[in-house]
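Work through the exercises below with the sequence and the coordinates at hand, and try each task before turning to its solution.

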Amino acid sequence: MAEENFEKDYLVTEDRTAKAMGSGGLDVLATPELVAMVENACYQHLESEIAKEKTTVGGFISLEHVAPSPVGATITIKANLYERDGNKVVFSFSAYEGEKKVGKGNHERFIVDKDQFLAKMS
């Protein structure tokens with residue numbers, strides 16, 4: 001299987017800060033928002049290649065958030081899809097603010113049938 005590399009940019013806005021989210025007291029990129037950026041990049045990468053009745057859901061993420069980023073910064077998620085095992089898809093990723101690495105980790109998503117997945121709630 002060939003590896004797939006891709007990237008996506010995000011802007012750090014006031015509502016994405018630790019102070020706004022309540023995950024900290026500073027106006028810097030919140031760790032939960034960095035997680036959301038990674039999940040969104042990986043989700044969008046997969047959406048174009050799966051059937052309309054399917055989607056992907058996050059199942060696991062490991063993240064090291066290693067440097068702060070201010071409001072106005074552009075965060076680039078650089079991801080590598082390196083494993084497919086049945087319905088499981090595994091990514092490694094790094095997050096950058098310009099040349100500065102601000103985060104890294106791994107993310108697993110699972111391809112699911114939308115109706116079958118939602119039926120599990122009842």
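Two strands are taken to pair if DSSP finds at least two bridges between them. The model examined here is a predicted one.

**Exercise 1.** Determine how many bridges join S1 to S3, and in which sense the two strands run.

*Solution.* Start by counting the bridges between S1 and S3, of which there are eight; because the cut-off is at least two bridges, the two strands pair. Next, take their direction, which is antiparallel. Finally, pick out a position, such as Asn5, which stands opposite Asn80 in S3.

**Exercise 2.** Describe the pairing of S3 with S4 and the hairpin that they form.

*Solution.* S3 and S4 are paired in the antiparallel sense, with 10 bridges between them, and in this pairing Ile75 has Glu97 in S4 as its bridge partner. Turning to the hairpin, one finds two residues between the strands, and Gly86 adopts a positive phi near 65 degrees.

**Exercise 3.** Establish the span of helix H2, and state which elements its buried residues pack against.

*Solution.* Helix H2 covers residues 31–47, and its 17 residues reach 24 Å from the first C-alpha to the last, close to the 24 Å expected at 1.5 Å a residue. Then list the buried residues of H2, which are Glu33, Leu34, Met37, Val38, Ala41, Cys42, His45 and Leu46. An α-helix has 3.6 residues a turn, so residues three or four places apart point the same way. The partners against which the buried residues of H2 pack include helix H1 (18–21), strand S2 (54–65) and strand S5 (100–113).

**Exercise 4.** Decide whether Lys120 is buried or exposed.

*Solution.* Lys120 lies in the segment after helix H3 (114–119). Its relative accessible area is 68%, and because exposed means over 50%, Lys120 is exposed.

Conventions
Residues numbered from 1 in each chain as written. Predicted model: local features only at pLDDT ≥ 70, side-chain atom pairs only at ≥ 80, totals over all residues. Heavy atoms only, no water. Helix = DSSP H or I, 4+ residues; strand = E, 2+ residues; numbered from the N terminus. Expected span 1.5 Å × (residues − 1). Buried < 20%, exposed > 50% of the residue type's maximum accessible area, 1.4 Å probe, protein only. Contact = heavy atoms within 4.5 Å.
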